[in-house]
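User: I am new to this structure and would like a close look at one part of it. Please choose a single stretch, start there, and explain in one connected answer what surrounds it.

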Amino acid sequence: MTSRVLLVSPASSQALRQARFYDGLGPLDASGAARARAAAGSLSSVGRADRVVRSPGARCHETATELGLDAEELPELATLDAGRWRGRTLEEVGAVEPQELMRWLADPEGAPHGGESVRALCERVGAWLESAQEDGRTLGVVEPEVVRAAVVHALALPPETFWRLDVPPLTVTELSGRAGRWNLRLGRPLTE
């Protein structure tokens, strides 16, 4: 049986626009909430989901709600743990810890912020993705980093490619596969 995993990135928020390391607390902004509400009907084109899940955190919860989804929160779909950088902007961190920031961006094993490495995120999300093959069709509202990690795992890409994947707000990335092999349909926008 072919499994499908559709990953919807959350609507825009102030933290997303400010390139802020997400702490899970920042809500959607008014524009993002309105765009998610407007896109709610477009999910009917993806078909019925056997399971609807989401990343922990306010913006995924609010996006799922605005899309009309009753999604189960899964801790394994949490965003990358940025440790002591949580809540700070990329610019702020770069001004105070430039070497650590560059090391983190260049080394998928690095976690100079005391949080999680990119490789650890890819492994965590990859384990979830493999278990999702048992679930038939899964729809998830997940953080952009979770989408990146799923694509890195599904295509067996080197973790260094993680930062080269862009995931715009309110796009769908579709993975389909069976027996540990995945195909990718890249982020199409939800129509409004």
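Analyst: L170 is placed in the loop between α7 and β5, and in this predicted model the residue has a positive phi of about 55° even though it is not a glycine. L170 counts as buried because its relative accessibility is 2%, below the 20% limit used for that word. The loop between α7 and β5 (171-178) also holds A156, another residue that is not a glycine and yet has a positive phi of about 55°. What is the relative accessibility of A156, and does it count as buried or exposed? A156 has a value of 68%, so the residue counts as exposed, whereas L170, at 2%, is buried.

A156 follows α7, and that helix is where the picture widens. Ten of the eleven residues of α7 are buried, so the helix is mostly covered. The buried ones include a run of residues with varied side chains, among them P144, E145, R148, V151 and A154. Two of these, E145 and R148, also lie among the residues nearest the centre of the largest pocket, together with A19, R20 and W163.

That pocket has a volume of about 440 Å³ and is lined by 19 residues. By kind, the lining divides into 14 nonpolar residues, one polar residue and four charged ones. Three helices, α1 (14-17), α5 (98-106) and α7 (144-154), each supply at least two residues of the lining, and it is α7 that gives the most, with three.

From the pocket, R148 and W163 lead on to the aromatic side chains. The charged end of R148 sits over the ring of F162, at 5.5 Å from the centre of that ring. A search of the whole structure finds five aromatic pairs. One of them joins F21 and W104, whose ring centres are 5.5 Å apart and whose planes meet at 55°, so this pair is described as tilted. F21 lies in the loop between α1 and α2 (30-39) and W104 in helix α5, so that the pair links distant parts of the chain, 83 residues apart. Both F21 and W104 are buried. Another pair is that of F162 and W163, with ring centres 4.8 Å apart and planes at 90°, which means that this pair is edge-to-face. The partners in this second pair are not covered in equal measure, for F162 is buried at 0% relative accessibility, while W163 is partly exposed, with 29%. Ring pairs link F21, W85, W104, F162 and W163 into a cluster, and the cluster therefore includes both of the pairs just described.

Helix α5, which holds W104, is also the place of L101. L101 counts as buried at 8% relative accessibility. Leaving out residues up to four places away in sequence, L101 touches F21, W85, L90, V93 and G94, and two of these, F21 and W85, belong to the ring cluster. How far apart in space are L101 and V151, C-alpha to C-alpha? L101 and V151 are 23 Å apart in space and 50 residues apart in sequence, and V151 is one of the buried residues of α7.

F21 leads to one further residue that should be mentioned here. T89 is placed in the loop between β3 (72-73) and α4 (90-96), and with a relative accessibility of 10% it counts as buried. Apart from its neighbours within four places in sequence, T89 is in contact with Q18, A19, R20 and F21. Of these contacts, A19 and R20 are among the residues nearest the centre of the largest pocket, and F21 is part of the ring cluster.

Taken as a whole, the stretch can be read outward from the loop where L170 lies: α7 is mostly covered, the same helix gives the most to the lining of the largest pocket, and the charged end of its R148 sits over the ring of F162, itself a member of the cluster of ring pairs.

Notes:
Residues numbered from 1 in each chain as written. Predicted model: local features only at pLDDT ≥ 70, side-chain atom pairs only at ≥ 80, totals over all residues. Heavy atoms only, no water. 1 Å grid on protein atoms, 1.4 Å probe; cavity = no way out; pocket = protein on both sides within 12 Å on 5 of 7 lines; lining within 4 Å. Points joined across faces, edges and corners; volume = space filled by probe spheres on them. Helix = DSSP H or I, 4+ residues; strand = E, 2+ residues; numbered from the N terminus. Nonpolar A, V, L, I, M, F, W, Y, C, P; charged D, E, K, R; others polar. Buried < 20%, exposed > 50% of the residue type's maximum accessible area, 1.4 Å probe, protein only. Contact = heavy atoms within 4.5 Å. Phe/Tyr/Trp six-rings, centres within 6.5 Å; stacked < 30°, edge-to-face > 60°. Lys NZ or Arg CZ within 6 Å of the ring centre and 35° of its normal.
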